[in-house]
Amino acid sequence: MFSSYGQLCTEVYDISKPLGYSFGDVEFYQERLSGVDGRVLEAGCGSGRVLIPLLQAGIAVDGIDNSTAMLDSCRRRCQELNLSPFLYEDEMHNVSSAIPYDAIIIPGGSFQLIEGRELAIATLRHLHSRLVPGGRLILDLFIPTDFNPNLSSVRTWNTPTDEVLVLEERRTEVNILEQRIVSLLKYEKWKDGHLVQTELQRFPLSWYGNDEFEMLLERTGFQQIIKSAGYKFGNKPARAGEMITYEAKKVLD
């Protein structure tokens, strides 16, 4: 019934967050990975907003995503820039690559799309197993501040081919007890007043308490955890709503 980061979602993402667009995360991840000699994996790489600048900076980054449309866009962009990363379709909790990684990154809060604590814990354990001893997991999380159960919004974008993309968001669930918000996203493409294409996406977002996620990392084998708010390394988190980056290490065996 629902799509998951389909073609229209990818078009909206590529228009609203083009290559070079950064929340401060691109520069932050580039700095944190600058000393890595081995390979890096971006889980949830999407269409390459973070991955491609890292490649251009000389960092050997592979990418996985569960969206065919996002990966197709990423491949096209990479080909245009004469880049040839290893990209494959997979889930975070089921990374099938046998490559041992020096670092795994999950920017932009993508980890929060995982539903349920059991699957989140299984994912952390699996990512831990894909790291070399001494390897690092670096990921972004945020705690939402808007719990309006009736939230509704409409946004539009013009395409280079004179079409109009419309995104309507309606919140369908706010579960404070289980720390989950669910929205229904409806994407439409219009041309000359006619509806050309439409997609429906169920968008779940889970969140974690600041100390809670640190305990989950420890529970799944990670140590030496550093939290950074606002993409300033070591900056102590002070409020909900700001992006918090967790960096944790797989200690030497």
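**Close-up views of a predicted model**

**View 1. Helix α5 passes helix α6 in a right-handed crossing.** The model shown here and in the other views is predicted. Helix α5 covers residues 117-129 and helix α6 covers residues 210-219; the two pack at an angle of about 50 degrees, and their axes lie 9 Å apart. Angles that are neither under 35 degrees, nor over 145, nor from 65 to 115 count as oblique. α5 is therefore oblique to α6. On the α5 side the contact is made by Arg117, Ile121, Leu124 and Arg125, which meet Glu212, Phe213, Leu216, Leu217 and Arg219 of α6. Sorted by class, this contact of α5 with α6 holds 5 nonpolar and 4 charged residues, with no polar ones.

**View 2. Four strands form an open antiparallel sheet.** The strand order is β6-β7-β8-β9. Strands β6 (152-158) and β9 (194-206) are the edges, each pairing on one side only. From one strand to the next, the twist averages 20 degrees.

**View 3. Strands β8 and β9 run antiparallel, and helix α1 packs on their sheet.** Strand β8 (residues 180-191) is joined to β9 by 12 bridges. Within this pairing, Leu185 stands opposite Gln201 in β9. Helix α1, residues 7-16, touches β6, β7 (164-175), β8 and β9, and its direction makes about 80 degrees with that of β9.

**View 4. An open sheet of 7 strands has mixed pairing.** Its strands follow the order β3-β2-β1-β4-β5-β11-β10. The edge positions belong to β3 (87-89) and β10 (223-229), each of which pairs on one side only. Neighbouring strands of this sheet are turned against each other by 15 degrees on average, direction ignored.

**View 5. Strands β1 and β4 pair in the parallel sense.** Strand β1 comprises residues 40-43 and strand β4 residues 101-106, with 3 bridges between them. Glu42 stands opposite Ile105 in β4.

**View 6. Helices α2 and α4 pack on the sheet of View 4.** Helix α2 (residues 25-32) lies across β4, β5 (131-141), β10 and β11 (244-249), and runs at about 165 degrees to β5. Helix α4 (residues 68-80) touches β2 (61-65) and β3, and the direction of α4 makes about 170 degrees with that of β3.

Definitions and conventions: Residues numbered from 1 in each chain as written. Predicted model: local features only at pLDDT ≥ 70, side-chain atom pairs only at ≥ 80, totals over all residues. Heavy atoms only, no water. Axes fitted to C-alpha atoms, helices over the stretch in contact; angles between N-to-C directions. Left-handed = near helix turned anticlockwise from the far one by under 90°. Contact = heavy atoms within 4.5 Å. Nonpolar A, V, L, I, M, F, W, Y, C, P; charged D, E, K, R; others polar. Pairing = 2+ DSSP bridges.
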